[in-house]
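Reader: I am new to this structure. Please pick one part and take me through it closely. Short steps suit me best.

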Amino acid sequence: MASIRARESSDGYATTRQRASRSVPRWTTAGGLWLLGGANAAFIIALWLRGGGIAQVHTAGELWTSVGRITGLLGAYLLLIQVFLLVRFPPLERLVGFDRLTVWHRLNGKICLGLILAHVVLITVGYAMMDRISLPAEASALLTNYPGMVTATVGTVLLVLVLVSSLVIVRRRLRYEAWYGVHLMAYAGIVFGWFHQIPTGNEFITNQPAAMYWTGLYLATLALLVLFRLAHPTLRAFWHRLRVAEVTVESANVVSVRLTGTHLDRLNAHAGQFFLWRFLGAGRWWESHPFSLSAVPDGRSLRITIKNVGDFTRHIGALRPGTAVVAEGPFGIFTAAARRHDNAVLIAGGIGITPIRALLEEMSGELILIYRVLSEDDLVFRDELEQLARRRVIALHYVVGDHRAAGAERLLSAEHLREMVPDIRQRDIYICGPPAMADLIEKHVQRTGAPRTSIHIERFAL
Ligand SMILES: Cc1cc2nc3c(=O)[nH]c(=O)nc-3n(C[C@H](O)[C@H](O)[C@H](O)COP(=O)(O)OP(=O)(O)OC[C@H]3O[C@@H](n4cnc5c(N)ncnc54)[C@H](O)[C@@H]3O)c2cc1C
């Protein structure tokens, strides 16, 4: 373990006053989005009530059918929200952060599919009761006699496949690209759902305003998707014209890539953020991967630092200067703007050092870096970190050791953290690393009694 301390600097982009002034629009955006989401949900329920709802329910069969309708409508609404959560709508991304949005997306997906499956069951049971026939006979009648039912069934099966492929146990066995490919089928599921709902749905054939309202919801979601997932990244790619300028070997399995381009001062990127990178002409242009900036963007170039862990990252070292690059972003709220205290401790697990290295360069106040690696060979940026530490008030702690070794459980335990950072409760705590490592460190940090609101985490998994 090494420790270095040096003199103070006062630069850094987010002062306390700046942070306070930014909090007003933040809550306005949050309030506006919740209001919009809630108002649409209320309007959908109101349309259902006006269209009969439970007022015209006289038999058990009608009750099942009516409840089936509202679960279907709410399921369809959550399906659109599901798309909205990942259209990369900048105000939402800035508010919540990309990684938390993916967590919401996963949760919303489960509720949404639950509602859609409930819709299928409730409607089939309700119709079977009203027609006084068996469930299989009703299911077969629905499929053969009702328009739009085949497309609805195909759409539902696709959504079930997407959910199954995302279950932890299945996803762990699938290659990321295979999982992503299956995930794209959800869009087909939504289109099939639209055909079932709007042109042929009972609710909408006789209710033109409701059909128009729902068509508006679908079109608005489609417009956001086209704008933020296609048009915006394409235009920015042409504007910034990013190219690989230089590839530098940092260690046996880590390289840094410096990129140059035009108008990089207009990217509005900050230390701690990441982009989704696509290297054109490198044989894998169709894949985009998230990598954090490993240096403060200076308006002329960007730097990312990548560890070789698989079939994409393995080829990064062979990138040639001049290779065209498309970067979507910046994303993430793991930035100095999240700070609540004057001083901070930054804890990096392995390659999680990349955004932390950039933050150390940008942040003001008295800083402590704790850098956890399995062996000395895994330490990257050692010279840069020690140079930074000499220029600023930064204490460096390298915590080296295999967690499977005897006595290693003490490393980064709450007790160990308190020894290195006696005032940890009065600091912001930034944690970054592969998910398992980041989760473990977070648990130990919480045991020190540090408030949750002071803990900021970036996990290297979406
Ligand atoms: C916000 C964020 C920031 C990151 N920053 C860095 C960084 O600065 N430096 C660094 O070395 N690594 C970083 N990573 C991790 C990096 O994205 C993965 O290691 C890389 O994508 C693995 O690709 P692969 O095909 O070589 O490996 P694989 O063996 O195919 O994948 C390893 C794991 O990486 C993830 N992954 C693979 N492909 C993708 C993809 N296209 N999109 C998202 N995740 C994928 C999956 O969880 C997969 O299980 C970051 C990850 C995230 C989420």
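Author: First, a term. A strand here is a DSSP run of E with at least two residues, and strands are numbered from the N terminus. Keep in mind that the model is predicted.

The part I pick is domain 2, which spans 241-331. We start with its backbone and then move to the ligand.

Begin at Arg241. This residue sits in the loop between α10 (208-240) and β1 (242-251). Its phi is near 45 degrees, a positive value in a residue other than glycine. Is Arg241 buried, partly exposed or exposed? Its relative accessibility is 48%, so it counts as partly exposed. The cut-off matters here: exposed means over 50%.

Now go to Asn268. Look for it in the loop between β2 (254-260) and β3 (274-279). Asn268 also has a positive phi without being glycine, with a value near 60 degrees. Its relative accessible area is 53%, so Asn268 is exposed.

Next comes Pro330. Strand β6 covers residues 324-331, and Pro330 is in it. What is the form of the peptide bond from Gly329 to Pro330? That bond is cis, with omega near 5 degrees.

With the backbone covered, turn to the ligand. A shell of 21 residues surrounds it. The closest are Ser288, His289, Pro290, Lys307 and Thr313.

Some of the contacts are polar. His289 brings a polar side-chain atom to 2.7 Å from an oxygen atom of the ligand. Lys307 works through its backbone: an N or O atom there lies 2.8 Å from a ligand oxygen. Asp311 uses its side chain, with a polar atom 2.9 Å from an oxygen of the ligand.

How much of the ligand does the protein bury? Alone, the ligand exposes 890 Å², and the protein buries 82% of that.

Which elements give two or more residues to this shell? They are β4 (289-292) and β5 (301-307). Of these, β4 gives the most, with four residues.

What kinds of residue line up around the ligand? The shell divides into 11 nonpolar, seven polar and three charged residues.

One last step takes us past the part I picked. Domain 2 (241-331) gives at least three residues to the shell, and so does domain 3 (336-459). The ligand's surroundings are therefore drawn from both domains.

Terms used
Residues numbered from 1 in each chain as written. Predicted model: local features only at pLDDT ≥ 70, side-chain atom pairs only at ≥ 80, totals over all residues. Heavy atoms only, no water. Buried < 20%, exposed > 50% of the residue type's maximum accessible area, 1.4 Å probe, protein only. Near = heavy atom within 4 Å. Polar contact = N/O pair within 3.5 Å; in protein donor to acceptor, adjacent residues only side chain to side chain. Areas by Shrake-Rupley, 256 points an atom, 1.4 Å probe, with all protein chains shown as cover. Nonpolar A, V, L, I, M, F, W, Y, C, P; charged D, E, K, R; others polar.
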